[in-house]
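Reader: Hey, got a minute to walk me through this one? I'd like to start with what ends up hidden from solvent.

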Amino acid sequence: MPATQPTLFPSLSSDETRTNQRIPDFDPSEIPSSPLSPEDRTLVRTQVSEWPDGERPWQKLLSAGPSALSDAEVLSVLIGRGTRLGEEVITSVDIGRELLRRFETPAGISDRPVLELTALPGIGKQTAARLAAAIELGRRIESGRAGERVQVCNPEDVAGVYGPLMRDLTSEVFKIVFLNTANVIIGDETVSEGGLSAAIVEPRAIFRSAIGRNAAAIIALHNHPSANPEPSRADIKITRQIASAGEVMGIPLHDHLIIAGTSHTSLAERGVIS
């Protein structure tokens, strides 16, 4: 970490360095009879495999790099092949364009259930799974946890790791992050899904897991699918319960983060954790 990085979480050892808008429910009856918008229907009439050498998206990627591809072309590489509707050829690029027309951005595609993508002609279950896997890989790379030991010194560090993994979830997920004495992440565990309550988030179970992992400290975090970063009364109550139990167990709660879209809120910075 840079020397100028502000530190919120105390280290126990010096030996180791260290969109607020609900997406409408999917309605199959809304699928148009043609998978292409009118402006796209006249663009391409031959399969990508029949395009001249050098113009196919995967060749363009190899010769000019992935940044040279449009969003539709990147999707085309993942989709692989097109389809036919009667006598009409629908290329993989066309299917990529239709995904973007329907969901507006690549991020919009990532928000939708995997099987919803199969409603589009040309996208079967394997292709939908391939798209979902590519999106998940991007999240994991962005989180910076590609097999590395990650040290967290402040809320921004924690949000940098878990924000990409949790910001697109459609239901509330509550996680506990386990730290060693140098505030290096040694693991995490999902405690509950679907909402917070004292009955669901049980401090006893949290600290049983912390002891089993030899954790020196913990961080709690959960997401707000609404993208509202403000903590609820339940958020504050549970934070204080876990912090109190941590004092008794000798395993302090460093923070409780709320992941809300691309933003986050630290309850430690709000003064909820003394």
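Author: Sure. A residue is called buried here if its relative accessible area is under 20%. With that cut-off, P155, D157, V158, A159, V161, Y162, G163, P164 and M166 in helix α7 are buried. Keep in mind that this is a predicted model.

Reader: OK, so how many of the residues of α7 are buried in total, and where does the helix run?

Author: Helix α7 spans residues 155–166, and 9 of its 12 residues are buried, so the rest of the structure largely encloses it.

Reader: What caps its N-terminal end?

Author: That's N154. One of its side-chain oxygens lies 3.2 Å from the backbone nitrogen of E156.

Reader: Let's zoom out. How many helices and strands are in the chain?

Author: The protein chain has 9 helices and 7 strands. It contains 274 residues, and 43% of them are buried.

Reader: And what does the accessible surface come to?

Author: About 14,600 Å², with 52% of that belonging to carbon and sulfur atoms.

Reader: Which residues form a nonpolar patch on the surface?

Author: W58, L62 and V77 do, and together they have about 320 Å² of accessible area. W58 sits in helix α2, residues 57–64, and counts as partly exposed because its relative accessibility is 47%.

Reader: Switching to charges. How many salt bridges does the count come to?

Author: The count is 7. One of them joins the side chains of E73 and K60, at 3.1 Å from N to O. That pair links distant parts of the chain, with E73 in helix α3 (residues 71–79) and K60 in helix α2, 13 residues apart.

Reader: Is E73 buried or exposed?

Author: E73 is buried, at a relative accessible area of 13%, while K60 is partly exposed at 25%.

Reader: What does E98 pair up with?

Author: E98 forms a salt bridge with R101, and their closest N and O atoms are 2.6 Å apart. Both are in helix α4 (residues 92–103), and because they are 3 residues apart, about one helical turn separates them.

Reader: And how accessible are those two, E98 and R101?

Author: E98 is buried, with a relative accessible area of 1%. R101 is partly exposed, at 39%.

Reader: What about R270, which residue is its salt-bridge partner?

Author: E230, with the closest N and O atoms 3.0 Å apart. This pair also links distant parts of the chain: R270 is in the segment after β7 (263–266), E230 is in the loop between β5 (217–223) and α9 (233–249), and they are 40 residues apart. R270 is partly exposed at 44% relative accessible area, and E230 is partly exposed too, at 41%.

Reader: Which residues do salt bridges with shared partners join into one network?

Author: E98, R101 and R102.

Reader: Now the strands. How many residues of β3 are buried?

Author: Strand β3 covers residues 173–179, and 7 of its 7 residues are buried.

Reader: Which ones sit on which side?

Author: V173, K175, V177 and L179 are on one side, and F174, I176 and F178 are on the other, so far as the two faces go; both faces are covered. As background, side chains in a regular strand alternate between the two faces of the sheet.

Reader: What does β3 pair with?

Author: β3 pairs in the antiparallel sense with strand β4 (residues 185–193) over 7 bridges, and in the antiparallel sense with β5 over 6 bridges. On the β4 side, I176 has E189 as its bridge partner. On the β5 side, L179 stands opposite A217.

Reader: Which residue takes a positive phi in the hairpin of β3 and β4?

Author: N183, with phi near 65°. That hairpin has 5 residues between the strands.

Reader: Last one. Where does L131 lie, and what does it touch?

Author: L131 lies in helix α6, residues 125–143. Leaving out residues up to four places away in sequence, L131 touches L75, L78, L99, L117 and I123. L131 is buried, with a relative accessible area of 2%. Its C-alpha atom and that of I79 are separated by 7.4 Å, although the two residues are 52 apart along the chain.

Definitions and conventions
Residues are numbered from 1 along each chain as its sequence is written. This is a predicted model: local features need pLDDT of at least 70, side-chain atom pairs count only at pLDDT 80 or more; totals for chains, interfaces and linings use all residues. Side-chain values use heavy atoms; hydrogens and water are left out. Helices (H or I, at least four residues) and strands (E, at least two) are DSSP runs, numbered from the N terminus. Buried means under 20% relative accessible area, exposed over 50%, partly exposed in between (1.4 Å probe, protein chains only). Contact means heavy atoms within 4.5 Å. Patches are made of residues with over 30% relative accessible area and no salt bridge: like charges are joined within 9 Å, nonpolar side chains (Val, Leu, Ile, Met, Phe, Trp, Tyr) within 5 Å. Accessible areas come from the Shrake-Rupley method with a 1.4 Å probe; for residues, only the protein chains shown count as cover. A salt bridge is a side-chain nitrogen of Lys or Arg within 4 Å of a carboxyl oxygen of Asp or Glu. A polar contact is a pair of N or O atoms within 3.5 Å; within protein, one must be able to donate a hydrogen and the other to accept it, and residues adjacent in sequence count only if both atoms are side-chain atoms. Two strands pair if DSSP finds at least two bridges between them.
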